[in-house]
Amino acid sequence: MTPEPPEPPELRDPPDLPDLPDLPELRERDADPRTAAVYEEIRRLGGVPMVALVFRHLATLPGGLDWAWGAIGPAWRTGRLQESAWRIARATPLVPIAPMPPEALAVLGLDEAGLAEVRTVLRAYNRANPENLLSTLCLLRLVDGARASRAVEPRAWTPPVAPGSLPPMVEPASLSPPLAALLRRVAEPGEAGRPRLVQSLYRHLAGRPQVLALAIALLLQRFGDGSIDRGVATLQAAMGAEADAIVPTLSAPPAPHPDVRSALERFGGGVIARMVVVGALLEDALPAGAAVDR
C-alpha cells in the first residue's frame, strides 16, 4: 500500500528539539570503488549530477545499496521508471507560490550567474526526486514480498544530459542558528531519538542563505494552507499506482538489513514526495529561464 503522507510540519512555534545526529550517509566523495560505481550509474541513468540522500543512506546499511540497486537497476536501464516518474510529477496539480521578481533577487545579491546556479540545483532535483520517489515505492513493495511475474522488456534508452555541476552542499551542523531554525519549519525533523533529516535540496541552496530564506518564506503559505500536502497525496497515489505496475517486472531477495525497510518507509512516506512538490513550486517561481526536460 502507498504510505500515508505525514502530518504537515508545525509552522508557528517549532518545538525545541534535542540536538540529534544527522542521518547517516555515505557521501559521494567518500565512496569505496564498488559503491562509487553504483553511484556513477545512478547519476548517469538518472540524468543528474548527484546521488540522492536515500541511496547515500542505504549505502551505510550493510548490503543496503547493493540490494536496492540490484532490484531497481533493471527498470532504470530501460528508462521506463524515470520517464513514468517525470510524467507523473509534471501532471500533478499544484497551487503556485508567489513569483520571485528578479529585482528582489538582485537585492538579495543574486546576479545572473547566481540565478543560473539556483536554476541548475532545482532542475537537477526536479529530475531526481520523482525517479527516486517511484524507486522507493517499488522497493517498499519488494521488501514486503512482491516478486516478478514477468521479465523487464528490453529497450534501448539514452538518459538525458545532466544539468551542470551543483554548488557544494552545506553540512547541517555548520548552518547558522537563524538558518537552522528556519529550515526546521520545512525540513523533516525526525521523531524522538531518530536522526534528523535535512533534505539535500535545501543543503545545496543553503550556500545562498538570503535566497533560501525567501524561498522558505514563500513556501510557508502553501504548507500552512495545506496545498503542499494535498499535492503530496495526489502525487503519492499516482506514484503508488505506477509502482504497482512496475514491480511485477522486478525481483529481489529479502532485504539484507532490518533498517532497510524503516529507511524506505521514511523516505517513501512523504519526505521525497514533499520535495518533488517543493522543487516544482520553487522552479516555477523563479524568473523565466531556458526550458529543460525533466
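Thr 136 sits in helix α6 of a predicted model. With a relative accessibility of 2%, Thr 136 falls under the 20% cut-off and therefore counts as buried. Setting aside residues up to four places away in sequence, Thr 136 touches Val 54, Leu 264, Phe 267, Gly 268 and Ile 272. Of these, Ile 272 turns up again below, as one of the residues nearest the centre of the largest cavity.

**The overall picture**

- The protein has 11 helices and zero strands, so you can read its secondary structure from the N terminus on as α-α-α-α-α-α-α-α-α-α-α.
- The protein has 294 residues, and 53% of them count as buried.
- Take the contacts between residues at least 6 apart in sequence: 88% of them join residues at least 24 apart.

**The largest cavity**

- Five cavities of 30 Å³ or more are found in the structure, and the largest of them holds about 140 Å³ of space.
- Its lining is made up of 13 residues, and those nearest the centre are Leu 53, Asn 129, Gln 199, Ser 200 and Ile 272.
- Four helices each supply at least two lining residues: α2 (53-58), α6 (112-143), α8 and α11 (259-285).
- Helix α11 gives the most to this lining, with four residues.
- If you are thinking about the chemistry of the wall, the lining divides into nine nonpolar residues, four polar ones and no charged ones.

**Ser 200, at the cavity**

- Ser 200 belongs to helix α8, which covers residues 200-205.
- Ser 200 has a relative accessibility of 5%, which is why it counts as buried.
- Beyond its neighbours within four places in sequence, Ser 200 is in contact with Leu 53, Arg 56, Tyr 125 and Met 169.
- Among those partners, Leu 53 is also listed with Ser 200 as lying nearest the centre of the largest cavity.

**The nonpolar core**

- The largest nonpolar core has 93 residues.
- Within this core, Phe 55, Leu 58, Cys 138, Leu 219 and Val 278 touch the most other members.
- For Leu 58, the contacts outside four places in sequence are Gly 64, Leu 65, Ala 68, Val 260, Ala 263 and Leu 264.
- Leu 264 is a shared partner here, since Thr 136 touches it and Leu 58 is in contact with it.

**Helix α1 and Val 38**

- Helix α1 spans residues 33-46, 14 residues in total, and reaches 20 Å from its first C-alpha to its last.
- That reach is close to the 20 Å expected at 1.5 Å a residue.
- The buried residues of α1 are Thr 35, Val 38, Tyr 39, Glu 41, Ile 42, Arg 43, Leu 45 and Gly 46.
- What covers these buried residues includes α2, α3 (64-78), α4 (80-91) and α6.
- Val 38, which lies in α1, counts as buried because its relative accessibility is 12%.
- Not counting residues up to four places away in sequence, Val 38 touches Leu 65, Asp 66 and Trp 69.
- From C-alpha to C-alpha, Val 38 and Trp 69 are 7.6 Å apart in space, while 31 residues separate them in sequence.
- Leu 65 is another shared partner: Val 38 touches it, and Leu 58 is in contact with it too.

Technical notes
Residues are numbered from 1 along each chain as its sequence is written. This is a predicted model: local features need pLDDT of at least 70, side-chain atom pairs count only at pLDDT 80 or more; totals for chains, interfaces and linings use all residues. Side-chain values use heavy atoms; hydrogens and water are left out. Buried means under 20% relative accessible area, exposed over 50%, partly exposed in between (1.4 Å probe, protein chains only). Contact means heavy atoms within 4.5 Å. On a 1 Å grid over the protein atoms alone, a cavity is a set of points where a 1.4 Å probe fits but cannot get out, and a pocket is an open set with protein on both sides within 12 Å along at least five of seven lines; lining residues have an atom within 4 Å of a point. Grid points are joined across faces, edges and corners, and a volume is the space filled by probe spheres set on the points. Ala, Val, Leu, Ile, Met, Phe, Trp, Tyr, Cys and Pro count as nonpolar, Asp, Glu, Lys and Arg as charged, and the others, Gly among them, as polar. A nonpolar core is a set of buried Ala, Val, Leu, Ile, Met, Phe, Trp, Tyr and Cys residues joined through side-chain atoms within 4.5 Å. The expected span of a helix is 1.5 Å times one less than its number of residues.
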